[in-house]
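Please work through the following exercises with the sequence and the structure side by side, and try each task before reading its solution.

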Amino acid sequence: MYNLQQRANNVLSFAVSVIGTVLAIVALISAITGYGSIDGKVQVHADNVKIVTRRYGPENTDYRNSKSEFARLTFDIDADFRPMFNWNTKQVFVTVVAEYQSKNFDRNSVVIWDRIIASKEDANLKLRNIHNKYAMIDVAQQWNFQKANLTLVWDVTPYVGILQAGQSNQGSGFILPPFSAQ
């Protein structure tokens, strides 16, 4: 007959197969049903866009070049992420991305703010006068009335399944003035 080791192996193999099948079904259902959509927007306060040659604080230093230019700006966020939450949503990672073009590079994307939303109760964002959390650096010192755009981007992290990402269709444009113009 079968010994104890063979019986334990059969039971554990069956249990792992059942758990794997259930998790695959959960991931498939989440991929088919999706996570809904939102209508979020970011609005930049154009009069609060400032270019400075240094940031404040010990962690805000560009050690590569002491003459780098930093963009400091404020913006508003209106977005309701509650439709993204269902039984398989662990968290939603929200970022604000600034995009602009320069002479050297066709596309520059910089994350200037982020937040992790872990519950449905905290998912309705109505934030005002937010300062950029991360630096927007121009190491070439060539910001000269360049057009830039802020976009709201999010990633839904499920308990089981693949990450799903999205972004708002409404961006907020602004002008990056040169340092000498201030």
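**Exercise 1: the surroundings of Phe81**

Task: Leaving aside its neighbours within four places in sequence, find which residues Phe81 is in contact with in this predicted model.

Solution: Once those sequence neighbours are set aside, the residues in contact with Phe81 are Ile38, Val92, Val94, Ile117, Ala123, Leu125, Leu152 and Trp154. Phe81 also belongs to the largest nonpolar core, which has 35 residues, and it is listed with Leu73, Phe75, Ile77, Met136 and Leu150 as touching the most other members. Several strands each supply at least two residues of this core, among them strand 1 (41–44), strand 4 (74–80) and strand 9 (146–158). In soluble globular proteins, nonpolar side chains tend to be buried together.

**Exercise 2: the faces of strand 1**

Task: Determine which side chains of strand 1 are buried and which are not.

Solution: Val42 and Val44 point to one face and are buried, whereas Lys41 and Gln43 point to the other and are not. Turning to the pairing, strand 1 runs antiparallel to strand 4 and is joined to it by four bridges, and Val42 has Ile77 as its bridge partner there.

**Exercise 3: the backbone at Asn129**

Task: State what is notable about the phi of Asn129, and where this residue is found.

Solution: Most residues other than glycine have a negative phi. Asn129, although not a glycine, has a positive phi of about 50°, and its place is in strand 7. Because its relative accessibility is 47%, Asn129 counts as partly exposed.

Methods:
Residues are numbered from 1 along each chain as its sequence is written. This is a predicted model: local features need pLDDT of at least 70, side-chain atom pairs count only at pLDDT 80 or more; totals for chains, interfaces and linings use all residues. Side-chain values use heavy atoms; hydrogens and water are left out. A nonpolar core is a set of buried Ala, Val, Leu, Ile, Met, Phe, Trp, Tyr and Cys residues joined through side-chain atoms within 4.5 Å. Buried means under 20% relative accessible area, exposed over 50%, partly exposed in between (1.4 Å probe, protein chains only). Contact means heavy atoms within 4.5 Å. Two strands pair if DSSP finds at least two bridges between them.
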